[in-house]
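Q: I should like to learn how to read a folded chain feature by feature. Could the discussion begin with a helix and what surrounds it?

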Amino acid sequence: MMHYKAIWISDVHLGTSGCQADYLLDFLKHNEADKYYLVGDIIDGWRLKKSFYWPQSHNDVVQKLLRKARKGSEVIYVPGNHDESARQFFGLSFGDVKVVEEVIHITVDGRKLWVTHGDQFDGVMQYAKWLAYVGDNLYSFILYVNRYFNMVRAKMGLQYWSLSQYLKHQVKNAVSYIADFEHIMAREARLRGCDGVVCGHIHKAEIREIDGLLYCNDGDWVESLTALVETQTGELKIIHWTQIKGEPVESPQITLQPAIESLIKEAAL
């Protein structure tokens, strides 16, 4: 069991068939932290509006995070574009989980990191949201293919490999879009007087310096299966969780969502 100063996860997309909830649940079982940052797109409201999909493993992830908050870890939720409905609850707490628009994290060595999902600085999201919806449908299809592709790999004794991630990195426009996004985020961090930024949104885990600013992206849990962590000595690392430690539990679809329902009831009070 590893214990970190902080763990950042984003783009889990609970409520979609592409979500790798079993891998994330396994990661949460084997890693602890003083602080957990949920950096947006944790629940995919876009997809759930179209059709209900909620296997037991998705419910287990929510329950696991709530349990960590109850046991004393600080859990901070920064909603993204796919769970943008949660943005109406800025400043509130649900089950000891704080909902905020953005937050500053201070590392062990004193660096200030601005934590935000990042969709607010995505030109497609801001000026052509309809295109984002079209792209989301195509992306969901690729993830659907990717799911069965990795089922075959698992039967062959091979580790998880992301077909969608591979295709994305072969497209010149996609590579250019990612580079532009990274520079914009670094610039915005500088404007806020921070030493760096931690974000999600583009599903590409990365730690690098851009124009003297630290750019960190914690990746996702549909393609790269990654999280960003800060060790007790202040080192920032990306963890790739591409193999489950032990056999994953079968995830039957359920019709009730106790964790989600409890949050809705609390919000209504």
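Q: Against which elements do the buried residues of helix 1 pack?

A: In this predicted model, they pack against strand 1, strand 2, helix 3, strand 11 and strand 12. Helices (H or I, at least four residues) and strands (E, at least two) are DSSP runs, numbered from the N terminus. "Buried" means under 20% relative accessible area, with a 1.4 Å probe and protein chains only. The buried residues of helix 1 are Ala-21, Tyr-23, Leu-24, Leu-25, Asp-26, Phe-27 and Leu-28. Seven of the ten residues of helix 1 are buried, so helix 1 is largely enclosed by the rest of the structure.

Q: What should be known about the numbering and the model?

A: Residues are numbered from 1 along each chain as its sequence is written. Because the model is predicted, local features need pLDDT of at least 70 and side-chain atom pairs count only at pLDDT 80 or more, while totals for chains, interfaces and linings use all residues; side-chain values use heavy atoms, with hydrogens and water left out.

Q: At what angle do helix 1 and helix 3 pack?

A: A general point comes first: an α-helix has 3.6 residues a turn, so residues three or four places apart point the same way. Here the angle between helix 1 and helix 3 is about 25°, and their axes lie 9 Å apart. Helix 1 is therefore roughly parallel to helix 3, a term for angles under 35 degrees. Axes are lines fitted to C-alpha atoms, for helices over the stretch in contact, and angles run from 0 to 180 degrees between N-to-C directions.

Q: Which residues make the contact between these helices?

A: Contact means heavy atoms within 4.5 Å. Helix 1 contributes Ala-21, Asp-22, Leu-24, Leu-25, Leu-28 and Lys-29, and helix 3 contributes Ser-57, His-58, Asp-60, Val-61, Lys-64, Leu-65 and Lys-68.

Q: How many strands form the open sheet that contains strand 4, and in what order?

A: Strands of a sheet pair through backbone hydrogen bonds, either parallel or antiparallel. Two strands pair if DSSP finds at least two bridges between them. In this case seven strands form an open sheet in the order 4-5-3-2-1-11-12, with mixed pairing. Its edge strands, strand 4 (93-94) and strand 12 (236-240), each pair on one side only. Within the sheet, strand 3 (residues 74-77) and strand 5 (residues 97-99) run parallel and are joined by three bridges. Val-75 stands opposite Val-97 in strand 5.

Q: Which strands does helix 3 touch?

A: Helix 3 (residues 56-70) packs on the sheet and touches strand 2, strand 3, strand 4 and strand 5. The direction of helix 3 makes about 110° with that of strand 2.

Q: What is the strand order in the sheet of five strands?

A: The order is 6-7-8-10-9, in an open sheet with mixed pairing. Strand 6 (103-106) and strand 9 are the edge strands, and the twist averages 25° from one strand to the next.

Q: How is strand 10 joined to strand 8 and to strand 9?

A: Four bridges join strand 10 to strand 8 (residues 196-199), and these two run parallel. Five bridges join strand 10 to strand 9 (residues 206-210), and these run antiparallel. Strand 9 and strand 10 form a hairpin with two residues between them, and Asp-211 in the turn has a positive phi of about 50°.

Q: Is strand 10 buried or exposed?

A: Five of the five residues of strand 10 (residues 213-217) are buried, so strand 10 is largely enclosed by the rest of the structure. Leu-213, Tyr-215 and Asn-217 are on one side, and Leu-214 and Cys-216 are on the other.

Technical notes:
Buried means under 20% relative accessible area, exposed over 50%, partly exposed in between (1.4 Å probe, protein chains only). Angles under 35 degrees count as roughly parallel, over 145 as roughly antiparallel, 65 to 115 as roughly perpendicular and the rest as oblique.
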